[in-house]
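Let's walk through this structure together, one piece at a time. Keep the 3D view open and turn it as you read.

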Amino acid sequence: MTASSSADTSVGRYTFDNATREAAQQVRLLAEILDEHTADVLIQEGVTTGWRCLDLGAGAGTVTAWLAEQVSPTGRVVAIDADPRHIRSHDLVEVRAADVTTIDLGDGVYDLVHARLLFMHLPQRRQLLRRAVAALAPSGVLVISDWDCTRLDEMFCDGPPGLAEAFLAFQQALVGIATANGADAGWARELPLAMRRAGLTDVRARLHTETWDGGTAGCLLHASNSRQMQDALYRAGVTRAQLDILREGMSDPHTLAWSYPMVTAVGRRADN
Ligand SMILES: C[S@@+](CC[C@H](N)C(=O)[O-])C[C@H]1O[C@@H](n2cnc3c(N)ncnc32)[C@H](O)[C@@H]1O
């Protein structure tokens with residue numbers, strides 16, 4: 001998988017589709033898997049009452065809603081998503097249905113800009129990074145989390161016969177499809193340096209990896225993604241038998257796999 005080889009200006013297409021039935025489950029599972037980690041990071045960054053926050057590519061809107069509770073009663077949260085159908089309304093939340101690569105994010109506005117599993121999908125990720133930095137108020141904090149999808153052959157640990165091969169075939173095909181759509185499987189590892197080069201100070205990053213048992217949210221996410229992307233996976237050469245083995249294996253309690261490693265990087269806009 002090449003790292004960040006896609007040009008910033010190339011036209012990409014988000015691989016998944018919030019309008020599908022599977023996507024409703026996908027964004028719920030992402031929230032179940034990741035919200036605790038995200039909340040830990042955001043608490044450490046000091047999010048509190050009165051903050052003005054921007055949640056880019058908000059998905060299920062669970063981080064948006066959590067932020068609204070933290071910044072209440074005087075703060076506000078703007079959530080932007082190309083298809084915000086899964087985001088629940090809240091008094092302090094303004095939902096914008098828009099493309100983050102083209103919408104005006106504002107200048108010097110937010111105490112926090114947050115994005116999870118968005119930048120890795122977008123070929124315009126470096127321009128968006130600069131615009132996200134510009135949207136921060138002085139001392140504002142940018143928090144970006146993305147999965148490193150370059151070590152697919154290290155993820156599978158244990159499961160029924162045939163699952164290791166089916167799992168790897170599925171993962172490689174899925175990442176191949178996303179890459180063809182403009183995603184960068186290795187972007188997460190570049191995040192800290194990209195954030196520093198975008199002018200942020202005090203840039204720090206951490207890696208969050210865990211194991212996922214069959215039948216739990218992480219493994220169910222793989223099965224859900226395999227259904228959402230079924231036709232494209234067949235076109236990429238994954239067989240029906242492999243998808244059957246994968247889906248059964250992802251529900252089998254004996255299955256054990258590593259998660260994708262999540263890089264969460266944080267940086268601050270200088271005071272002046
Ligand atoms: C993988 S989901 C992640 C959702 C959420 N941030 C999370 O981590 O649970 C990516 C989200 O970004 C949105 N998205 C993708 N490309 C976008 C774009 N160009 N502009 C706005 N939203 C976009 C999708 O609609 C989807 O809701």
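Which element gives the largest share of the shell around the ligand? That is α1, with four residues. Before going on, note that this is a predicted model, where local features need pLDDT of at least 70 and side-chain atom pairs count only at pLDDT 80 or more, while totals for chains, interfaces and linings use all residues. Residues are numbered from 1 along each chain as its sequence is written. Names like α1 and β2 come from DSSP runs, numbered from the N terminus: helices are H or I with at least four residues, strands are E with at least two.

Back to the ligand. It is surrounded by 22 residues, and the closest are L30, G57, G59, A82 and R116; a residue counts as near if its C-beta atom, placed from the backbone, lies within 6 Å of the molecule. The elements that give two or more residues to this shell are α1 (21-44) and β2. Sorted by type, the shell has 13 nonpolar, five polar and four charged residues. Here Ala, Val, Leu, Ile, Met, Phe, Trp, Tyr, Cys and Pro count as nonpolar, Asp, Glu, Lys and Arg as charged, and the others, Gly among them, as polar.

Now follow α1 to its partner, helix α6 (residues 217-228). Their axes come within 9 Å and cross at roughly 160 degrees; axes are lines fitted to C-alpha atoms, for helices over the stretch in contact, and angles run from 0 to 180 degrees between N-to-C directions. The two helices are therefore roughly antiparallel, a label for angles over 145 degrees. On the α1 side, the contact includes L29, L30 and I33, and on the α6 side it includes L220 and L221; contact means C-beta atoms, placed from the backbone, within 7 Å. Seven nonpolar, six polar and three charged residues make up this contact.

Next, find the sheet. It is open, with seven strands in the order β3-β2-β1-β4-β5-β10-β7 and mixed pairing; two strands pair if DSSP finds at least two bridges between them. At the edges sit β3 (93-97) and β7 (201-208), each pairing on one side only. From one strand to the next, the twist averages 15 degrees.

Further in, β1 (residues 52-56) and β4 (residues 110-116) pair in the parallel sense over four bridges. L56 stands opposite A115 in β4. Helix α3 (residues 125-135) packs on the sheet, touching β1, β4 and β5 (136-147). Helix α2 (residues 62-71) lies across β1, β2 (76-81), β3 and β4, and runs at about 170 degrees to β2.

Methods
Two residues are in contact if their C-beta atoms, placed from the backbone, lie within 7 Å. Angles under 35 degrees count as roughly parallel, over 145 as roughly antiparallel, 65 to 115 as roughly perpendicular and the rest as oblique.
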